[in-house]
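Reader: I would like to learn how to read the surface and the interior of a protein model, one feature at a time. Could we start with what is meant by surface area?

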Amino acid sequence: MVVPLLNVHIKSLGASPTVAGVVGSFYGLLQLFSSTFVGCWSDVIGRQYSLLACILFSALGYFLLGMSTNVCLFAIARVPVGIFKHTLSISKALLSDLVSERERPLVIGHFNAASSVGFILGPVVGGYFTELESGFYLTSFVCSSIFILNAGLVWMLPWSEDHTENNENEQTTSNSKATAKSNYDPQVKSLANGAMKYDESLWIQVVSVLKRIKSIACSDLWDIFLVRLLMSVAVMLYYSNFILAIEERFGVKPKLTGYLISYSSTLGALAGFLLGPITKLYQYNTYALLLHSTVLTCVLIMLYSTALSIWTVVLSSTFLAFSTTVGRTCITDLELALGGNQASGTLIGVGQSVTSVGRIIAPLLSGIAQEFSPCGPPSLGVGLALVAILIMLINTPRYCSSRNTKLKSE
C-alpha cells in the first residue's frame, strides 16, 4: 500500500532526487544487515516473540511515517521498518518448522502466492486512498493498523501446545538431572535457577546469534547463496528498464506496459498454487526442479532480449512468471534442506541479505549496460544466469548425494 507512494511523498516534502535516493539506500542497507540477525534471533528466542516484535515495530514505523511532515522525520520513520520488517522471512521459517521436508515446497509456494496477491492488491488500495485529502498519511495509518491487527492474530494463535510440550520435556529432564545431582540440596537448586535465568539473559542470546551466524559463514552453502545472488540480479536486470525498453523498441505506452507487468504478477501468484503437482512430477527432487526452472528463466530472458515483436515479449513474460516463482521457492527449500531446519530462520535471513545485495548491485549494472543498448540489462542477466547454471551443474554430485542420504534416513 505504502511502498509505491514513498517517492511521491518524499518529493512533496521538498527532498531532492539525491536525498530521496540516499534515504532509499539507507533503508536497503538496514534490510541488508538486519535480515540475518533477525532471522537468527528468531531461532534463538522462538518464532512467536520475534514475529510479534517485528510486526509491532513495523507498525510503529508506518505510524511514524504517517506523522512525517519533513524529510528528517521521514528518514527516522524508515529505521524501525528497515530493521524489523522481516515478517515474511520469519513466517517462512515458521512454516518450515511446522511441515515435513516433502511438503515444504508446496506450503512455501502457497505462502508466496498469498504474498503476491497482497502485492497486487496493495498498490490499488493505496492509490485509491491517495486520491483522498491527506491520502498518504491515511494510507500509512491504515497500514499501521493492519500490522497491529496481524499482531493480535499472531498472539491468539495456539502456540502454547507444541511449545509447552517441548518445554515440559526439557524441564522434566533438567529437573531430573538436578534432583539426581543435588539430592534435595537447596543451594544447588538456587544455583540451577540462577543458571536458568542467566541462560535467558540478553547476553546469552547475542552470543548464540553470533555462533549461529558464524556456523553459516563457515559452512559449504555459499555456492547456493551465490546461485541466489546471480539469479536475483539477472531477474532484476530484466525488470530494471522494462518499461523504457519496451517503449523504445516497440513503441508501447507505459500504461499498456503496466498492464503487462500486472498480468505477469498475477500469473506469478497463480504459479505458487501449482507447485504441488510440479513437485510430485519431479518426485520431490528440489534440485532438479531448481535447475530446470533456472535454465527456463535464462532462455526466456534471452528470448525477451532478442524479441522482434511485442507478442514475443508477452510470451516470455507469461512463462517467466512461472519459472521465477518456482525458482524462488526451490532455492529457499534447497537452502533449508542442505542447512538443516534447526537454523531455518538464520538461513532464510542470510538468503534475504543476499537478495538485498542484489538490489544494490542490479541498478548499477543496469545503468552501465543501458549505455550500450536498451537490451543491455537483460543480455547481462542472461550471462549471469548461465554462470548460475554452471555452478549448479558443477555441484550436482553433492546436491544429489545429500538428497539421497536424507531420503534413506527418512
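Author: Accessible areas come from the Shrake-Rupley method with a 1.4 Å probe, and for residues only the protein chains shown count as cover. Here the protein chain has an accessible surface of about 21,400 Å², with 68% of that area belonging to carbon and sulfur atoms. This is a predicted model, in which local features need pLDDT of at least 70 and side-chain atom pairs count only at pLDDT 80 or more, while totals for chains, interfaces and linings use all residues. Residues are numbered from 1 along each chain as its sequence is written, and side-chain values use heavy atoms, with hydrogens and water left out.

Reader: How many helices and strands does the protein chain have?

Author: Helices (H or I, at least four residues) and strands (E, at least two) are DSSP runs, numbered from the N terminus. By that rule the protein chain has 19 helices and zero strands.

Reader: Which residues form the nonpolar patch on the surface?

Author: Patches are made of residues with over 30% relative accessible area and no salt bridge (a side-chain nitrogen of Lys or Arg within 4 Å of a carboxyl oxygen of Asp or Glu); like charges are joined within 9 Å, and nonpolar side chains (Val, Leu, Ile, Met, Phe, Trp, Tyr) within 5 Å. In this structure the patch consists of F57, L60, F63, L64, M67, L73, I76 and F141, which together have about 640 Å² of accessible area. Two or more residues come from each of α3 (47-66) and α4 (71-84), and α3 gives the most, with four residues. M67 sits in the loop between α3 and α4.

Reader: In helix α12, which residues are buried, and why do they line one face?

Author: Buried means under 20% relative accessible area, exposed over 50%, and partly exposed in between (1.4 Å probe, protein chains only). In α12 (residues 242-250), F242, A245 and I246 are buried. Seen down the axis of α12, these buried residues fall within an arc of 100° (taken from the directions from the helix axis to the C-beta atoms), so they line one face of the helix.

Reader: Which members of the largest nonpolar core touch the most others?

Author: A nonpolar core is a set of buried Ala, Val, Leu, Ile, Met, Phe, Trp, Tyr and Cys residues joined through side-chain atoms within 4.5 Å. Of the 48 residues in the largest one, V227, F242, Y304 and V313 touch the most other members. α11 (222-240) gives the most to this core, with ten residues.
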